[in-house]
Amino acid sequence: MNLIDVYSLFDVVPVKGLGTTVWDDKGQEYLDLYGGHAVISVGHSHPKYIAAIKDQLDKIGFYSNSVINPLQVELAQKLGDICGYPEYSLFLDNSGAESNENAVKLASFHTGKDRMIAFRKSFHGRTSGAVALTDNPKIVSPFNANHKVTFCDLNDAAAVEAELKKGDVAGVIVEGIQGCGGINLPTKEFMQSLQSLCQQYGAVFIVDEIQSGYGRSGKFFAHQWFDVKPDIITLAKGIANGFPCGGILISPKFEAVKGMLGTTFGGNYLAMAAAIAVLDIIKEEDLVENARKVGEYILANIPDSPKIKEVRGKGLMIGIEFNEPVAPIRKALLFEKHIFTGVAGSNMVRLLAPLMLSQKDAERFIVALKEVL
């Protein structure tokens with residue numbers, strides 16, 4: 001049996017990781033500035049993270065959500081405290097797409113309406129409802145396209161209001177910072193307008209923090225740069241540093257109805273042990289502040305080049321947009337400089353490094369990029 005082709009693969013086989021360093025099966029060392037697509041938040045093989053999972057596995061690995069799991073309670077309390085939403089409720093699932101599916105379902109239940117507003121260049125996942133919210137026709141099947149979704153331009157509040165006035169919109173979903181669409185930042189004025197418009201027209205304000213959350217932007221959630229408070233916040237990726245886990249934070253204004261949301265694997269013991277360790281490490285090592293400082297250093301020191309069109313981002317969520325396809329640049333960075341990077345589209349190098357990236361590592365990248373250019 002063969003594997004189905006999913007991505008174009010580089011000829012690299014990672015076998016070991018530590019911090020921001022990855023080694024392949026030939027012993028070559030690489031600097032990881034992509035974090036497995038923003039998943040590695042506290043670094044590869046952090047000893048406290050590994051110990052937490054091993055310790056939990058020695059006790060119990062899994063049971064269903066029909067019994068009390070104290071680790072879920074501990075995670076909810078710690079997450080509420082560190083992110084500034086102690087009054088919200090936490091629903092746990094397994095992935096970002098699942099988090100967005102549940103958020104949209106909750107919005108529709110709450111309002112009784114069936115249409116969503118999303119934004120051009122958005123990415124919210126690949127499951128049925130999540131992919132319908134994603135502005136990428138290549139991955140939206142005819143079945144997915146049956147969902148009622150209207151796409152507006154990011155930062156165009158007037159267009160959003162025009163749709164909300166029609167009266168059938170359950171909610172508006174927006175990324176804290178658009179990731180796959182090109183590291184596009186909403187403005188503070190726009191995000192505050194979205195919050196106000198949703199309140200005015202009775203729609204649910206959902207912020208997708210799956211890629212931009214968990215300290216990546218230099219605040220715990222990217223939307224906190226804009227002084228807004230969403231009704232629902234969706235989470236995944238960095239929440240458990242590679243162990244599959246996702247969740248949604250839900251405003252107290254939503255009625256808790258048993259059976260409305262459910263999951264088999266969500267909130268399992270191993271995922272909770274991993275997620276609690278991640279929060280403890282983020283707090284103890286002040287990784288949100290580190291992401292802000294090192295991200296600012298990178299943004300301020302990207303070399304001037306006629307090949308570079310624009311540099312965008314917050315914290316350790318950075319996009320370097322070029323005037324030409326970046327495949328040769330990424331290939332040179334990987335095979336000559338031994339640095340992992342990502343892309344957004346064909347013309348952008350995307351950086352999503354672990355939050356504990358040092359300034360020394362950042363300097364290594366900047367020197368390498370200058371040499372490649």
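Is Ile183 buried or exposed, and what is its relative accessible area? Ile183 is buried, with a relative accessible area of 0%; buried means under 20% relative accessible area, exposed over 50%, and partly exposed in between, with a 1.4 Å probe and protein chains only.

This is a predicted model, in which local features need pLDDT of at least 70, side-chain atom pairs count only at pLDDT 80 or more, and totals for chains, interfaces and linings use all residues. Residues are numbered from 1 along each chain as its sequence is written, and side-chain values use heavy atoms, with hydrogens and water left out.

## The sheet

Seven strands form an open sheet of mixed pairing, in the order E4-E10-E9-E8-E7-E5-E6. Helices (H or I, at least four residues) and strands (E, at least two) are DSSP runs numbered from the N terminus, and two strands pair if DSSP finds at least two bridges between them. At the edges stand strand E4 (89–93) and strand E6 (149–152), each of which pairs on one side only. From one strand to the next, the twist averages 20°. Strands of a sheet pair through backbone hydrogen bonds, either parallel or antiparallel.

Both arrangements involve strand E9 (residues 232–235). Strand E8 (residues 204–208) runs parallel to E9 and is joined to E9 by three bridges; here Ile206 stands opposite Ile232 of E9. Strand E10 (residues 246–250) runs antiparallel to E9, with four bridges between them, and Leu249 of E10 is the bridge partner of Ile233.

Which residues of E9 are buried on each side? Ile232 and Thr234 are buried on one side, and Ile233 and Leu235 are buried on the other, so that both faces of the strand are covered. Thr234, in strand E9, has a relative accessible area of 0%. Leaving aside residues up to four places away in sequence, Thr234 touches Ser99, Asn100, Ala103, Ile206, Val207, Asp208, Glu209, Ile210, Gly247 and Ile248, where contact means heavy atoms within 4.5 Å.

## Helices on the sheet and against each other

Helix H3 (residues 70–83) lies across E4, E9 and E10 and runs at about 120° to E4. Axes are lines fitted to C-alpha atoms, for helices over the stretch in contact, and angles run from 0 to 180 degrees between N-to-C directions. Helix H7 also packs on the sheet, where it touches strand E5 (115–119), strand E7 (169–175) and E8; the direction of H7 makes about 145° with that of E8.

Helix H7 (residues 188–201) has a helical neighbour as well: helix H6 (residues 157–164) packs against H7 at an angle of about 10°, with their axes 10 Å apart. H6 is therefore roughly parallel to H7, since angles under 35 degrees count as roughly parallel, over 145 as roughly antiparallel, 65 to 115 as roughly perpendicular and the rest as oblique. On the H6 side, the contact is made by Ala157, Val160, Glu161 and Leu164, and on the H7 side by Phe190, Ser193, Leu194, Leu197, Cys198, Gln200 and Tyr201. By class, this contact has eight nonpolar, two polar and one charged residues. Ala, Val, Leu, Ile, Met, Phe, Trp, Tyr, Cys and Pro count as nonpolar, Asp, Glu, Lys and Arg as charged, and the others, Gly among them, as polar.

## Loop residues

Ile183 is in the loop between E7 and H7. Its phi is near 50°, a positive value in a residue other than glycine. Tyr214, in the loop between E8 and E9, likewise has a positive phi in a residue other than glycine, near 60°.

Gly213 lies in the loop between E8 and E9. Not counting residues up to four places away in sequence, Gly213 touches Phe220 and Phe221. Gly213 and Pro14 are 199 residues apart in sequence and 26 Å apart in space, C-alpha to C-alpha.

| Loop residue | Relative accessible area | Class |
|---|---|---|
| Ile183 | Ile183: 0% | buried |
| Gly213 | Gly213: 7% | buried |
| Tyr214 | Tyr214: 4% | buried |

## Cysteines

How many disulfides are there? The count is zero, a disulfide being a pair of cysteine sulfur atoms within 2.5 Å. The sulfur of Cys152 is 11 Å from the closest cysteine sulfur, in Cys198, which is too far for a bond. Cys180 is in no disulfide either, as the nearest cysteine sulfur, that of Cys245, is 20 Å away. Cys152 is buried, with a relative accessible area of 4%, whereas Cys180 counts as partly exposed at 28% relative accessibility.
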